[in-house]
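Here is a friendly tour of one protein with its ligand. Have the sequence and the 3D view open as you read.

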Amino acid sequence: MTQQRLYVRLLMAVTLPLILVTATLWPVLHVHLETRQESIRAETRAIMQVGKDTLLRDIKETLSYALAVAEMPIIKAHMIGENGEGVDSSTSAQLTGFLATLIEHYPRYTKLILIDNQGSEVLRAPVGITSDPRFDDYSHASTDYFKAASQLSARDLYISPPGRNLQYELFSGEVVPVVNVATPIFEQGERQGMVLLSLNWQHLTEAVQQAMLIDPDAGVLLADAQGGWLLTEGSQRLPMIRFGDNYARLAAEPWQPVTEQDEGAFTLGNHLLRFQRLDIRSEAYEGLTGRIFSQDDTLPWVLGVSLPTPTWKSLLQDEAIVVWFLLLTYSTAVALGIYWSISRHQQRKLRREAQQQATEVSNLYENAPCGYHSLNADGVILKMNQTELDWLGLTRNVVGKRSYRDFISPDSLPDFDAAFQDVQAGRQGEAECTLIATDGHERQVVIQGVGYLENDRFKYSNATVFDITERKQLEEKLRAQAMTDPLTGVYNRRYLQSQASVEMSRASRHQTPISLIAIDIDHFKHINDEYGHDAGDEVLKRFTSVIQGLLRQEDLLCRVGGEEFAILLPDTPLDKAWQVAERIRVAVEQTQVPIEHDDVPVTIAITASFGVTHIANGEKTLKAAIKRADSGLYEAKDAGRNRIVLQET
Ligand SMILES: Nc1nc2c(ncn2[C@@H]2O[C@H](COP(=O)(O)OP(=O)(O)OP(=O)(O)O)[C@@H](O)[C@H]2O)c(=O)[nH]1
């Protein structure tokens, strides 16, 4: 159970910090990601603008260039000459050189041709480059630009679709697409011919691409209205696509949204694609030109740029420091969590063990086989264990209210007070006392106390209380056994000796008489011999019982030998002692002791002989008195037994 709780805590320690740290860092990272996404959007906008500017600038320059050529007086004059009285050969050579210089100066133009109204070339630069490798007769009459430009007014322009139809140029064996720009030449209100200026489309698109690839991750898209790919290089997503391929078919997914709106941006996979449709006919050219014509189905073009969008993965890959910080934060949080779980588990374990120990100690204290208590300087109970409370029949309410002395028997109080004084002085104190419970029950105890002092001032005492009642009772029993005869229960000779000196000195002090009777059962040997030893024992018991029934409390009956007894009679003169002896003699004589002999009930009659003497004041020991009494006893035996003989001192 405890182990399971530890596992749950460890699980929480791992998951909770992860959740908390993630919850804290998530919004920050999210904002960071959004900022980066926003910056990517802004970057695509900027790249688009650069691309668009580059494209339109080159187109615009081409248009201006074509118009400028058509407006040049020398060219107009040359065309009038061509159409009329003829041209001067030197002027023609001069013009050819001039046009060749123009083309050489601007390498992005592949050719410049002056064409008459019939479609025949008048002049071209550079000389030797045909409009198409398949043309031999230099006639442009069937071309799209000738047909279109023949219909145009002054300053109108025709732009052919890039690389459409036969508008290619051959450079060093490589065919490159071109855009043909044609504009009519008017002079004196008459159409004198047209100017054809071919723009190297590859040159233009490379310039556009170069401008747009300011971010090496950028991908450039340029397609015509039909989805024809207008770049010489492939795109990032379609590296194999080449000029003229059908982008709309090869990349239907991004193409679809492009056809639905003029401009916009959308996310495709992990790329952001921004696009804009450009119709060069409607772009403003600052009033330089008249109308601009082209083939309707190829315009507008679509210019686009794609940039990889930041993802969580790319964000973390780019932000190595953030990743390390995150890992450090996570591992620190998890480590702290694990440390917290384990230390808490250990703490709980230690607390549980401490509680268990405290309970055990408390149980030991409360239910110890001895009493414990603490008293203040006035002897008032400050603390008492359950054992002692039970002994005294008290409840805990007594704490702080009752004095411990209230439960000490009056005869024990001096000993208790003396011991308590020792304790208050900082010494060990010990006293044997009798405790009296609320129900009057007495208990013999030994109290061992020790005092606690602060700055030599007594604060409280701690005492251990041992119940010695049983020991006392045992001692008493042993003491009684040591003083009594085990067969008859009367006192023995030792007790007689010790007690006699007490009684004799008391008699001497109070000047009172004291007497001694010696008794011996007659022919006791015969009883033993006749009926057996057990019967003799029975006689002895009955004999003492009869005598005790005739004595006072203070008289002392002792068995001093086998069948010999003595009675010490305090405060008794000799004549009274004789009367007592006579009373006993008669009673013994009348006693019949019933016994079983050979399974037959029989009775034994007994008699006894007595020697009686008085103990004089001043006699120090009993010895002489015993001797006298014995002497009387022997006389009584000798005289026939069952009689009393007095022996004067
Ligand atoms: N049954 C029993 N006999 C005891 C005990 N103590 C002593 N005796 C016996 O008491 C007898 C005493 O006998 P004796 O000293 O000869 O005296 P007696 O037979 O009484 O004769 P007299 O005193 O002359 O009358 C002995 O046989 C002892 O063995 C005892 O505790 N029990």
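Are Arg628 and Glu619 buried or exposed? Both residues are buried. Please keep in mind throughout that this is a predicted model.

## Charged pairs

The buried residues Arg628 and Glu619 form a salt bridge, with 3.0 Å between the closest N and O atoms. Side chains of opposite charge can pair when their charged atoms come close. The structure holds 31 salt bridges, and a few others deserve a look.

Take Arg585 and Glu582, whose closest N and O atoms are 2.9 Å apart in their salt bridge. Both residues belong to helix H16 (residues 574-589), where they sit 3 residues apart, about one turn of the helix. Their surroundings can be described by accessibility: Arg585 counts as buried because its relative accessibility is 14%, under the 20% limit. Glu582, at a relative accessible area of 22%, is partly exposed.

The salt bridge between Glu554 and Arg552 has its closest N and O atoms 3.4 Å apart. Here Glu554 is partly exposed at 43% relative accessibility, and Arg552 is partly exposed too, with a relative accessible area of 34%. There is also a network of salt bridges that links Glu71, Lys76, Arg155 and Glu187.

## Nonpolar cores

Which residues touch the most other members of the largest nonpolar core? They are Ile59, Ile75, Leu114, Trp201 and Trp301, in a core of 68 residues. Helix H1 (residues 2-71) is the element that gives the most to this core, contributing 12 residues.

Ile75 is a handy place to start exploring. Leaving aside residues up to four places away in sequence, Ile75 touches Val69, Leu95, Leu99, Leu114 and Ile185. A second core, separate from the one around Ile75, has 30 residues, among them Ile517, Leu540, Val580 and Val612.

## Around the ligand

How many residues surround the ligand? There are 16, and the closest are His523, Phe524, Lys525, Asn528 and Arg559. Two backbone contacts involve ligand oxygen atoms: a polar backbone atom of Lys525 is 2.8 Å from one oxygen atom of the ligand, and a polar backbone atom of Ile521 is 3.2 Å from an oxygen atom of the ligand. Asn528 contributes through its side chain, with a polar atom 2.5 Å from a nitrogen atom of the ligand.

Taken alone, the ligand exposes 660 Å², and the protein buries 68% of that. Strand S18 (514-521), helix H14 (524-531) and helix H15 (533-548) are the elements that each give two or more residues to the shell around the ligand. Among these, H15 gives the most, with 4 residues.

## A buried aspartate in a loop

Where does Asp224 sit? Asp224 is found in the loop between strand S7 (219-223) and helix H6 (247-250). Asp224 is buried, since its relative accessible area is 8%.

The side chain of Asp224 has polar contacts with backbone nitrogens in this part of the chain. One of its polar atoms lies 2.9 Å from the backbone nitrogen of Gln226, and the backbone nitrogen of Gly228 is 2.7 Å from a polar atom of the Asp224 side chain.

Terms used:
Residues are numbered from 1 along each chain as its sequence is written. This is a predicted model: local features need pLDDT of at least 70, side-chain atom pairs count only at pLDDT 80 or more; totals for chains, interfaces and linings use all residues. Side-chain values use heavy atoms; hydrogens and water are left out. A salt bridge is a side-chain nitrogen of Lys or Arg within 4 Å of a carboxyl oxygen of Asp or Glu. Buried means under 20% relative accessible area, exposed over 50%, partly exposed in between (1.4 Å probe, protein chains only). A nonpolar core is a set of buried Ala, Val, Leu, Ile, Met, Phe, Trp, Tyr and Cys residues joined through side-chain atoms within 4.5 Å. Contact means heavy atoms within 4.5 Å. A residue is near a molecule or strand if one of its heavy atoms lies within 4 Å of it. A polar contact is a pair of N or O atoms within 3.5 Å; within protein, one must be able to donate a hydrogen and the other to accept it, and residues adjacent in sequence count only if both atoms are side-chain atoms. Accessible areas come from the Shrake-Rupley method with a 1.4 Å probe; for residues, only the protein chains shown count as cover.
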